[in-house]
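Q: Please take a close look at a single part of this structure and describe it for a first-year student. How does that part fit into the chain as a whole?

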Amino acid sequence: MIISHRVCARILSVACVFVIAAFVTVVPRSAHAKEAPDLIELVPEDVGVIVEVNDFAGLLNDVETSGLWHKVKGFPVVRQWLSSEKFRPLSRLKGAIERETGQPLREFLSELASERFLVVIRPSTTETSENAIEAAMILRPASEKSIETLLLLHNSSQRTQPVFGFLNEYVVVATDQTILDAITLCLENHQRGVTSKTARAVSWSKSSFDLPNIRAIIHLDTWSHDTTEQDDEFFKLFLQSFQQLEMVATLDTGLTLLVSLHKSHQESVDSLTSQDVTHSVTGSPTVMLSVRGMTCPADVVSLIDRVVEEKDRQEWENFRLLGKMIWGEDHAELLKAWEQPWRWSLAVTLTASTKEIGPQNLLDATWTVLLPEMSAKLKERIDRVATSTVNMAAVSAYTERKMTPEVKLMVQEGATQVTGMWLESILGMTPGYAMTDNSFTVATLMSQFDAAKIDTREPAHDFEMVFRPKLVRAFLVSRSDSVKPGSRMKEDVMKSHEYRVLLSLLDIFAEIQLTTDDEPTRVRMALSGRVDSTESKSE
């Protein structure tokens, strides 16, 4: 049974509940008996997800003092939820616990929890169960008093859900009795000297990651025993390609997520380290989106072949046949060139203006491909195909919009020979192409093309991206200020709730970086969102 999108949502919701509950907890360090098993040894071997909250006291402190938390608290949706009826039950629960314990909630939770705890999730093992998953939180309280208090609170609530288990010095909060019984069995096996299979397969490295963090491992094959025709083809391919997913989330100058997709099971999950948190991708601070990568076109075609849906199969085959006709006798050599890695880069700049809002000169996008080894004849064919495409675009502009754009040839003097052409004034832009001996460029403002500025650096990663949301926000604000009061766009769009939410989202991160690397045994990704500390402090 492959996990459906509905089950995915349920898994995420359960995980979020546990993590959010954790974020109101302060955890002190404490010493326990050496013979006590590690928390990971209480995890049943058939779990599909394990989440570990590590050094939670430090993590909570990082959250409360971070610019990210400051931004999120001011987000309209968060403010509305805190003042809504949905939040009041949590407030009443907090008051009830403080009355029963006679101490502040934070103090009680500090005594209850240890410096780390686990959340585990697995597919439901009961056929009659209405729930698709079973989940549990495993923790080791700091004192017996806190266990006794928790037991009294549970008995006084007279609730059957969730299920509580008090196993010696451990406390388990579970969605149902079945997974609680499985965790109890793991403890009994440890006391008999039987080591859990999960403990051997998931040995968290304590020395490799010394920052407060939330770590997780997902055994993907646990959720992919069967596939159905209704499941997305790309999702099925993903589950077939990877066995387990490892993730670390931590706070530094914003929020960093490190993900490692393993192509086979790893006996020791210690591949992500604190040194991986700091990474930088260079790029102009005025560029809204900058992407660089290395791609083998043949791999892209193969991927599309595997994931294209049956209803779109004929259209895809017709497209490939058209390409073969266009390239003619050079098609065979092009296919060979496609088997090589092609380095490419994309830069997108938004042009803020005080002019009346319109499509003129809003977008400056440049996409450049560094050509691999190929014959002069194939390069000439690429040039001719690009020329035909520009001419066809001119005809289309006249047919559809009654425009008569002037076709201009690229003329540049210098050490680098440049050929190309562009269309003069299409919606205020000059789209076209330029070609040198080792590069091919497409741009929306080709009239400003400069071959000397082509980025020929070797990328440090297989894929690098820098996105600057604050530049998008500044652009939208600039354009909205130039719209006439009372206009339809001013009233219907820029005063809408969705528009205000969009501006708030764009204000959270000043910069987002993403890098990926395809290695023999895994695919590694690093996603980092940087918060502008000067902005958050000044607000």
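A: A residue counts as buried when its relative accessible area is under 20%, as exposed when the value is over 50%, and as partly exposed in between. The model is a predicted one, and the part chosen here is helix H5, which spans residues 88–101.

Two residues of this helix may be considered in turn. Threonine 101 is found in helix H5. Its relative accessibility is 18%, so threonine 101 counts as buried. Apart from neighbours within four places in sequence, threonine 101 is in contact with Phe108, Thr149 and Leu153. As regards Thr149, 48 residues separate it from threonine 101 in sequence, while the C-alpha atoms of the two lie 6.9 Å apart in space.

Leucine 90 also has its place in helix H5. With a relative accessible area of 43%, leucine 90 is partly exposed. Together with Trp81, Leu82 and Leu93, Leu90 makes a nonpolar surface patch of about 370 Å². Helix H5 shares in this patch with helix H4, residues 76–82, and each of the two helices supplies at least two of the patch residues.

The whole chain provides the setting. The protein chain has 18 helices and 18 strands, and 44% of its 539 residues count as buried. Among contacts with a separation of 6 or more, 69% join residues 24 or more positions apart. The chain exposes about 29,600 Å², of which carbon and sulfur atoms supply 57%.

How values were computed:
Residues are numbered from 1 along each chain as its sequence is written. This is a predicted model: local features need pLDDT of at least 70, side-chain atom pairs count only at pLDDT 80 or more; totals for chains, interfaces and linings use all residues. Side-chain values use heavy atoms; hydrogens and water are left out. Patches are made of residues with over 30% relative accessible area and no salt bridge: like charges are joined within 9 Å, nonpolar side chains (Val, Leu, Ile, Met, Phe, Trp, Tyr) within 5 Å. Accessible areas come from the Shrake-Rupley method with a 1.4 Å probe; for residues, only the protein chains shown count as cover. A salt bridge is a side-chain nitrogen of Lys or Arg within 4 Å of a carboxyl oxygen of Asp or Glu. Helices (H or I, at least four residues) and strands (E, at least two) are DSSP runs, numbered from the N terminus. Buried means under 20% relative accessible area, exposed over 50%, partly exposed in between (1.4 Å probe, protein chains only). Contact means heavy atoms within 4.5 Å.
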